[in-house]
Amino acid sequence: MSPLQLIYAAVRTLIDVICSQVHGASKLRSTRKGNSATDKLMQKKLTQPATTPSSVNYHFTRQCNYKCGFCFHTAKTSFVLPIEEAKRGLKLLKQSGMEKINFSGGEPFIHKSGEFLGKLVQYCKEDLQLPSVSIVSNGSMVREKWFKKYGEYLDILAISCDSFDEDTNQTIGRAQGTKSHLDNLSKVREWCREYKVAFKINSVINTFNVEEDMRDRITELNPVRWKVFQCLLIDGENAGEDSLREAERFVISEEQFQEFLERHSSISCLVPESNQKMRDSYLILDEYMRFLDCRQGRKDPSKSILDVGVQEAIQFSGFDEKMFLKRGGKYVWSKADMRLEW
C-alpha cells in the first residue's frame, strides 16, 4: 500500500470513530428529549419573542413517601440528574434571566436525605446569587440539622398541608403510615422561625376539605403566603389510562372553590389559584430539565435545556406570562426584602 493510501485509510478510520462517538452521545441524550411532535416543531424557524424565565419550578425528582390521591406530578421515573449536570442547567437559567428557583418533587428531601437538595440550594444562593431560592415539601423528611447546614441559603420553605384534621389527611394520602403530618408541620414552622427562613403553606382544595374552616390554624401558624389551589386533573399523571393516580373523586367545582375562598377571605396572606390560573402560569422543569407544556391538559415535554439551551426549549413550555403576573407570581420573594420578626 502506498503512503498516500495509508494516509487515506487512517483518515477514514478516524472519521468512522468520530461518527460512532457522536451517534452514541445522541443515544444517551435521547432519554431527556421531548416527543416526536416536539421534534418536528423544533425544526421550524423559531420566530416567537424570547421568554424570560424569571421564576422556575424544578421538579428534580418524582419520588415521594406520601400518596396524595390528587398528585399531579407522580413517580413515573426514579431518575435524578447528576448534581454537576443539574448545576449546569441552573447556571444556564440564571444566564437567561432567572431570579427565583423553586425546588419541588415528588418530595425534594427524599433524595440522599436532603443533601442533594441542600447543595443545590447553596449553589443557587452562594454561586449564582439568585434573589430567591425556595422549596416545596410535605415536611415529613425535614430535619433540624438540614436547617443548621443550609438554612441561611434558603429564602422560603413551603409545606403542603391540605387539612388540620389528621383523619382527613389520612384519607387524602397526605401522610406516611400513622405519623402525624400536623406535628411535622408545627416543628418545621418553628425551625423556619429559628433559622430565619420564610414559612409558607400550600393547600389543595378538594372534595374532602372543601367544607373545612382553616382560619384559626392558618392565623396561628402565620405564614408569609398561603397558596390555595383548586384540585387539578392532568392527563397521564392523575387522570387517564397511563396515570398513577385517579383524582376524579377529588375534583370540586368552581363554585365550591369560590365558597371556600369567601369563607377564608379574612386571611390576608391567602393567594388563590383556580385551575384556569394554575394550568399555564408556571414554568415547570422535569427531572431531565425539560419544560412541561400543560395547555392540552397533559404534560408535553420540550427538549432538555442541557441539549438545546434555555431560549430554544422555553418556546415549547406553554408559559402564559400574563397569567403568571395576574395570579401574583411576582412578589417579594427574597427574605432579605421581607420585614419579618424572626
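Ser113 sits in the loop that runs between strand S2 and helix H4. The model is predicted. Ser113 is not a glycine, yet its phi is positive, at about 55°. Its relative accessible area is 64%, over the 50% cut-off, so Ser113 counts as exposed.

The loop between S2 and H4 also holds Gly106. The peptide bond leading from Gly105 to Gly106 is cis, with omega near 15°.

Met289 is another residue other than glycine with a positive phi, here near 60°. Met289 belongs to the loop between strand S8 (284-285) and strand S9 (290-293). Is Met289 buried or exposed? Its relative accessible area is 0%, so Met289 is buried.

A third loop residue is Arg143, between strand S3 (132-137) and helix H5 (144-150). Arg143 has 43% relative accessibility, which means partly exposed, since that class lies between 20% and 50%. Its C-alpha atom is 9.2 Å from that of Lys187, and the two residues are 44 apart along the chain.

The table sets these three loop residues side by side.

| Residue | Relative accessible area | Class |
|---|---|---|
| Ser113 | 64% | exposed |
| Arg143 | 43% | partly exposed |
| Met289 | 0% | buried |

**Chain and cores**

The protein chain contains 13 helices and ten strands. Of its 342 residues, 52% are buried. Take contacts between residues at least 6 apart in sequence: 75% of them join residues at least 24 apart.

The largest nonpolar core counts 66 residues. Tyr58, Leu90, Ile101, Phe103, Leu157 and Trp226 have the most contacts inside this core. Helix H4 (residues 115-127) gives the largest share of the core, six residues. Another core, of 13 residues, lies apart from it; Tyr66, Cys68, Phe70 and Cys231 are among its members.

What does Phe103 touch, leaving aside its neighbours within four places in sequence? Its contacts include Tyr58, Phe60 and Leu90. Pro108, Leu117, Leu120, Val121 and Cys124 are also in contact with Phe103. Val133, Ser134, Ile135 and Val136 are on the list as well.

**Helix H9**

H9 spans residues 254-263, and its Phe257, Phe260 and Leu261 are buried. Viewed down the axis of H9, the buried residues fall within an arc of 100°, so they line one face of the helix. Glu255 and Glu262 are exposed on the other side of H9. The buried residues of H9 pack against three strands: S5 (198-205), S6 (225-230) and S7 (270-273).

**Largest pocket**

Rolling a probe the size of a water molecule over the atoms shows where empty space is left. The largest pocket holds about 940 Å³ of space. Its lining has 49 residues. Which of them lie nearest the centre of the pocket? They are His59, Phe72, Ser104, Val136 and Asn202.

S3 supplies the largest share of the lining, four residues. At least two lining residues come from each of S1 (55-59), S2 (100-104), S3, S4 (156-160), S5, S6 and helix H10 (275-279). By class, the lining has 22 nonpolar, 16 polar and eleven charged residues.

Some residues appear in more than one of these settings. Val136 is in contact with Phe103, and Val136 is also one of the lining residues nearest the centre of the largest pocket. Strands S5 and S6 pack against the buried residues of H9, and each supplies at least two residues of the pocket lining.

Key: Residues numbered from 1 in each chain as written. Predicted model: local features only at pLDDT ≥ 70, side-chain atom pairs only at ≥ 80, totals over all residues. Heavy atoms only, no water. Buried < 20%, exposed > 50% of the residue type's maximum accessible area, 1.4 Å probe, protein only. Arc of directions from axis to C-beta. Contact = heavy atoms within 4.5 Å. 1 Å grid on protein atoms, 1.4 Å probe; cavity = no way out; pocket = protein on both sides within 12 Å on 5 of 7 lines; lining within 4 Å. Points joined across faces, edges and corners; volume = space filled by probe spheres on them. Nonpolar A, V, L, I, M, F, W, Y, C, P; charged D, E, K, R; others polar. Core = buried A, V, L, I, M, F, W, Y, C linked by side-chain atoms within 4.5 Å.
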